[in-house]
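The following exercises are to be worked with the sequence and the model at hand. Each task is followed by a solution in steps.

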Amino acid sequence: MRILVVEDEPTLAAQLVEGVNTAGYVADVAGNGVDAHFMGNTEPYDAVILDVGLPQMDGITVLKKWRAAGRTMPVLILTARDSWHEKVAGIDAGADDYLTKPFHMEELLARLRALIRRAGGHASTELVCGPLTLDTRSSRASVDGRALTLTSHEYRVLAYLMHHQGEIVSRGDLTEHIYAQDFDRDSNTVEVFIGRLRKKLPADLIETVRGLGYRLTRPQ
Ligand code: CA
């Protein structure tokens, strides 16, 4: 899952990226509204953390522009303390949730997980596919209750497939959602990760759909 962090205060932006990374996601950062607007319009983010008070273009305007352009990714806004009107304006502009500064990172991550889960139509923090379980709170996967040892890349590939189980996911989709923007991407490595995951998972859980991509399906 790939997250856009929009925050102009560098220390807080770095803390947000660190938090997002520990949750098993990757993050890109925008430090002003104009960059944020461009990135959110052109990159396929799974969720956005959007500060409302931003230089160049405020967060509410950025959000309104995204929604007007048909961008539907879940957006969590960060509002200033004692500023109820920012919350109202943000929700009216299309925010899915809000958090008031200062906040606890654990709460932000819980809200972020919930947004990503709901966007994928999942009600529980545990995603299940046959014998495979993914606990999005601990970022761990298990098969029949036995914990799997996964690298961070393997986890991200598996988490994306689990959030989209039953759907065909192309190599390009996976590449877009498991790497941050500044990462040197190579779509061939996705095949390598899939190969490694298959060795750790029950046979046939990850199906190759010829010419299209991969599909995670429950064994019949
Ligand atoms: Ca700010």
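A residue is called buried when its relative accessible area is under 20%, exposed when it is over 50%, and partly exposed in between. The model is a predicted one.

**Exercise 1. Determine whether Val62 is buried or exposed, and describe its surroundings.**

Step 1. Locate the residue: Val62 belongs to helix 3, which spans residues 59-68.

Step 2. Apply the cut-off. The relative accessible area of Val62 is 0%, so the residue is buried.

Step 3. List the partners. Beyond the neighbours within four places in sequence, Val62 is in contact with Gly33, Ala36, His37 and Met57.

Step 4. Compare sequence with space. Ala23 is 39 residues from Val62 in sequence, and their C-alpha atoms are 26 Å apart.

**Exercise 2. Identify which residues coordinate the calcium ion, and place the donors along the chain.**

Step 1. Read off the donors: Asp8 (OD), Asp51 (OD) and Gly53 (O) coordinate the calcium ion at 2.2 to 2.4 Å.

Step 2. Write the spacing of these donors along the chain, which is D-x42-D-x1-G.

Step 3. Assign two of the donors to loops. Asp8 lies between strand 1 (2-6) and helix 1 (10-22), whereas Gly53 lies between strand 3 (47-51) and helix 3. The two are 45 residues apart, and the pair thus links distant parts of the chain.

Step 4. Classify the same two residues. Asp8 has a relative accessible area of 34% and is therefore partly exposed. Gly53, with 45%, is likewise partly exposed.

**Exercise 3. Establish where Gln181 lies and which residues it contacts.**

Step 1. Gln181 is in the loop that joins helix 7 (171-178) to helix 8 (188-200).

Step 2. Its relative accessibility is 37%, so Gln181 counts as partly exposed.

Step 3. Apart from neighbours within four places in sequence, the contacts of Gln181 are Arg2, Asp28, Met39 and Glu43.

Step 4. Gln181 and Val26 are 155 residues apart along the chain, yet 9.1 Å separates their C-alpha atoms.

**Exercise 4. Examine the backbone at Pro102, Ser139 and Asp204.**

Step 1. Recall the usual case: most residues other than glycine have a negative phi, and most peptide bonds are trans.

Step 2. Inspect the bond from Lys101 to Pro102. It is cis, with omega near -5°. Pro102 is located in the loop between strand 5 (97-100) and helix 5 (105-119).

Step 3. Inspect Ser139. Its phi is positive, near 55°, although the residue is not a glycine. Ser139 is in the loop between strand 7 (132-135) and strand 8 (140-143).

Step 4. Inspect Asp204, another residue that is not a glycine, with a positive phi of about 70°. Asp204 is in the loop between helix 8 and strand 11 (206-209). Since its relative accessibility is 67%, Asp204 counts as exposed.

**Exercise 5. Assess whether the radius of gyration of the protein chain agrees with that of a compact globule, and characterise the whole chain.**

Step 1. Count the elements: the protein chain has eight helices and 12 strands.

Step 2. Compare the radii. A compact globule of 220 residues would have a radius of gyration near 17 Å, and the chain has 18 Å, so the values agree.

Step 3. Add the dimensions. Along the principal axes, the C-alpha atoms fill a box of roughly 55 × 30 × 30 Å.

Step 4. Consider burial and contacts. Buried residues amount to 50% of the 220 residues. Of the contacts with a separation of 6 or more, 58% join residues 24 or more positions apart.

Step 5. Turn to the surface. The accessible surface is about 10,600 Å², and carbon and sulfur atoms contribute 49% of that area.

Notes
Residues are numbered from 1 along each chain as its sequence is written. This is a predicted model: local features need pLDDT of at least 70, side-chain atom pairs count only at pLDDT 80 or more; totals for chains, interfaces and linings use all residues. Side-chain values use heavy atoms; hydrogens and water are left out. Helices (H or I, at least four residues) and strands (E, at least two) are DSSP runs, numbered from the N terminus. The radius of gyration is taken over C-alpha atoms; the globule rule is 2.2 Å times the number of residues to the power 0.38. Buried means under 20% relative accessible area, exposed over 50%, partly exposed in between (1.4 Å probe, protein chains only). Contact means heavy atoms within 4.5 Å. Accessible areas come from the Shrake-Rupley method with a 1.4 Å probe; for residues, only the protein chains shown count as cover. Donors are N, O and S atoms within 2.8 Å of the metal (3.2 Å for Na, K and Ca); water is not among the atoms, so sites may look incomplete.
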